[in-house]
Amino acid sequence: MADKCSEGLLNGAVPGERGKQDKSVKRGNWGNQIEFVLTSVGYAVGLGNVWRFPYLCYRNGGGAFMFPYFIMLVFCGIPLFFMELSFGQFASQGCLGVWRVSPMFKGVGYGMMVVSTYIGIYYNVVICIAFYYFFVSMTRVLPWTYCSNAWNTPDCVGVLDGNLSSRAALNLALNATQKRTSPSEEYWRRYVLDLSDDIGNLGEVRLPLLGCLGVSWVVVFLCLIKGVKSSGKVVYFTATFPYVVLTILFVRGVTLEGALTGIMYYLTPQWDKILDAKVWGDAASQIFYSLGCAWGGLITMASYNKFHNNCYRDSIIISITNCATSVYAGFVIFSILGFMANHLGVDVSKVADHGPGLAFVAYPEALTLLPISPLWSILFFFMLILLGLGTQFCLLETLVTAIVDEVGNEWIIRRKTFVTLGVAVAGFLLGVPLTTQAGIYWLLLMDNYAASFSLVVISCIMCVAIMYIYGHRNYFKDIEMMLGFPPPLFFQICWRFISPAIIFFILVFTVIQYRPISYNDYVYPTWAISIGFLMALSSVICIPIYAIYKVCCSEGDTLLERLKNATKASKDWGPAMAEHRSGRYAPAFSPSTESHLEVQPLQPEKSRSEAEAASPVQGSNGSAHSQDSRL
């Protein structure tokens with residue numbers, strides 16, 4: 001009996017409920033819950049955990065930054081994560097299909113798709129650069145070690161060139177016009193990117209980067225060729241091996257001279273900064289963007305869960321794992337940077353950086369100081385590739401699932417692989433301009449505008465639509481029906497009041513702290529910034545445009561009646577499988593709703609003729625309905 005009970009729990013059944021077929025034959029499911037958790041961890045833990053969080057931490061008061069960071073995790077990060085997982089899992093639909101809950105807000109789903117498209121385009125370009133560095137690291141001497149290459153300038157001073165400490169310290173102490181240029185920076189700017197002087201001057205396509213971009217998209221496509229069935233197996237490696245590499249780099253880093261100085265620089269608390277609103281704003285923004293809220297990926301991944309899976313437990317595990325990884329990565333980064341600062345005889349702040357500057361300039365330069373430096377470089381860039389791929393898998397699957405669910409017929413479901421191929425090819429072609437000599441300018445423009453305040457607006461509207469338009473009581477009952485217990489009181493309060501307030505605070509903070517984008521000494525022209533705002537607006541504008549369209553198409557004699565009908569949950573909202581539609585979702589079939597529900601055969605191994613002759617299936621709510629012969 002105990003064995004049967006434990007087996008039921010592992011399969012996602014609610015305690016006390018009789019066993020049922022909990023798999024979706026039509027859409028597919030994860031092979032097991034470990035695949036879902038690993039995929040979600042790979043999605044949430046990305047490049048930002050390595051190249052953004054450690055920098056934010058030391059800039060905003062070191063260890064003192066951890067306090068607002070974990071406060072924001074508890075009151076905003078985990079609740080939003082749980083909301084999106086439960087939303088997708090309950091309806092078993094992607095970011096478009098879930099808006100049967102309130103059809104007027106389907107524009108939120110389209111906004112998520114636009115954001116995921118932008119991110120998917122430039123994110124894979126970052127992965128392709130990591131691929132390039134990974135390949136060129138397979139040599140005896142890293143190409144950015146010395147200043148004796150054709151692309152180097154007279155200003156170049158390598159950390160291994162001659163009388164290092166005195167020369168480097170002297171150069172770093174000089175004014176900005178005579179600032180030292182490292183061989184890794186010149187390799188990055190003058191060789192890898194061959195950087196042009198303006199964002200409008202695209203120059204030529206960098207063929208090595210274009211080739212690596214093709215490799216990136218081929219890898220992503222092959223891993224998603226069978227949807228979650230194939231990607232669920234790949235994540236056993238892509239989601240776990242980065243932790244092996246982080247641990248190897250951590251052990252190597254902390255044994256170096258000066259590592260403790262770097263770590264103390266990272267962790268030493270400056271408690272006076274806790275009173276600074278900017279610190280709290282940075283903490284809230286980092287939690288929000290790091291977890292991948294409002295991208296549509298969380299809803300999509302959860303939609304492949306079994307209906308009774310405990311997504312409450314999963315949301316806590318994944319959120320905490322994501323934040324713990326960020327903290328752990330900080331030790332890895334700053335131990336090496338501390339060693340480099342000690343070697344140069346300068347302060348850690350002189351070598352600390354974030355974003356591409358950390359991943360492709362500062363850290364690679366530090367690696368040249370280590371014995372067998374190509375080995376450490378290969379490990380580091382392989383880790384970046386895996387971290388990026390984990391996020392890219394979910395971005396592509398979000399778009400594919402939304403398209404397939406929206407069309408919804410058997411023809412496109414059987415040809416989902418071709419949809420995946422089409423999206424991958426389109427992503428590759430749209431990423432080609434980012435491999436030109438001005439590509440890095442466009443990449444940073446997309447990163448700063450396409451996926452910034454628009455995500456905050458989308459998330460805020462989603463909270464309002466679910467809690468106040470659909471109704472918090474309805475949603476709490478849905479979760480209780482799915483999990484066997486209502487959401488804890490803490491989450492109910494957060495969803496209704498605290499999380500929307502924090503999201504609004506992030507939006508206000510983003511507007512107040514806005515500064516026009518720049519890259520090193522290059523200031524973006526007004527026309528480029530205007531394009532950035534248009535990209536940000538393109539995802540948000542989907543919401544009012546679709547809302548107006550839906551209101552105009554809704555039934556009713558007055559505007560108020562049309563609004564009510566447009567916001568009212570559609571008849572086919574609810575669990576996707578008929579046997580889970582109990583209570584207020586008990587099936588009262590009509591031709592319009594029956595086509596959206598999936599009726600599972602109790603014996604799927606029977607032939608088609610046997611299935612058609614089978615007796616009616618008894619639903620979980622006690623009502624009988626006919627078997628769907630198409631399945």
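1. Let's start with a small network in this predicted model: salt bridges connect R59, K278 and D282. Within that network, R59 and D282 pair up directly, with 3.0 Å between their closest N and O atoms. R59 belongs to helix α4 (residues 53-59) and D282 to helix α13, so this contact ties together parts that are 223 residues apart in sequence.

2. The two partners of that bridge are worth a look for their surroundings. R59 has a relative accessible area of 33%, so it counts as partly exposed. D282 has a relative accessibility of 6%, and because buried means under 20%, D282 falls in the buried class.

3. Staying with helix α13, which covers residues 277-290, you will also find A284 there. A284 has 1% relative accessibility and therefore counts as buried. Its C-alpha atom is 7.9 Å from that of C76, although A284 and C76 are 208 residues apart along the chain.

4. How many salt bridges does a search of the whole structure find? The search gives 9. Besides the R59 and D282 pair, two others that you may like to display are described in the next points.

5. One of them joins the side chains of R27 and D405, with an N to O distance of 2.9 Å. This pair links distant parts of the chain, 378 residues apart: R27 sits in the loop between α1 (2-10) and α2 (33-44), while D405 is in helix α17 (residues 373-407). Are the two partners buried or exposed? Both R27 and D405 are buried.

6. The other is the salt bridge between K233 and E35, whose closest N and O atoms are 2.9 Å apart. K233 comes from helix α10 (residues 228-238) and E35 from helix α2, so the contact ties together parts that are 198 residues apart in sequence. The two ends differ in accessibility class: K233 is partly exposed because its relative accessible area is 46%, whereas E35, at 1% relative accessibility, counts as buried.

7. Now for the empty space inside. The count comes to 7 cavities of 30 Å³ or more. The largest cavity has a volume of about 80 Å³. It is lined by 13 residues, and those closest to its centre are S24, N29, S92, N305 and M577.

8. What is the make-up of the lining of the largest cavity, in nonpolar, polar and charged residues? The lining divides into 7 polar, 3 nonpolar and 3 charged residues. If you colour the model by residue class, that division can be compared with the five residues closest to the centre, M577 and N305 among them.

9. On the outside, there is a nonpolar surface patch of about 540 Å². V464, Y468, I469, L489, I493 and F497 make up this patch. Which helices each supply at least two of its residues? They are α21 (453-483) and α22 (489-512).

10. A last word on one member of the patch. Y468 lies in helix α21. With a relative accessibility of 41%, Y468 counts as partly exposed, because that class runs between the buried limit of 20% and the exposed limit of 50%.

Methods: Residues numbered from 1 in each chain as written. Predicted model: local features only at pLDDT ≥ 70, side-chain atom pairs only at ≥ 80, totals over all residues. Heavy atoms only, no water. 1 Å grid on protein atoms, 1.4 Å probe; cavity = no way out; pocket = protein on both sides within 12 Å on 5 of 7 lines; lining within 4 Å. Points joined across faces, edges and corners; volume = space filled by probe spheres on them. Nonpolar A, V, L, I, M, F, W, Y, C, P; charged D, E, K, R; others polar. Patch = residues over 30% accessible without salt bridge, like charges linked within 9 Å, V, L, I, M, F, W, Y side chains within 5 Å. Areas by Shrake-Rupley, 256 points an atom, 1.4 Å probe, with all protein chains shown as cover. Salt bridge = Lys/Arg side-chain N within 4 Å of Asp/Glu carboxyl O. Helix = DSSP H or I, 4+ residues; strand = E, 2+ residues; numbered from the N terminus. Buried < 20%, exposed > 50% of the residue type's maximum accessible area, 1.4 Å probe, protein only.
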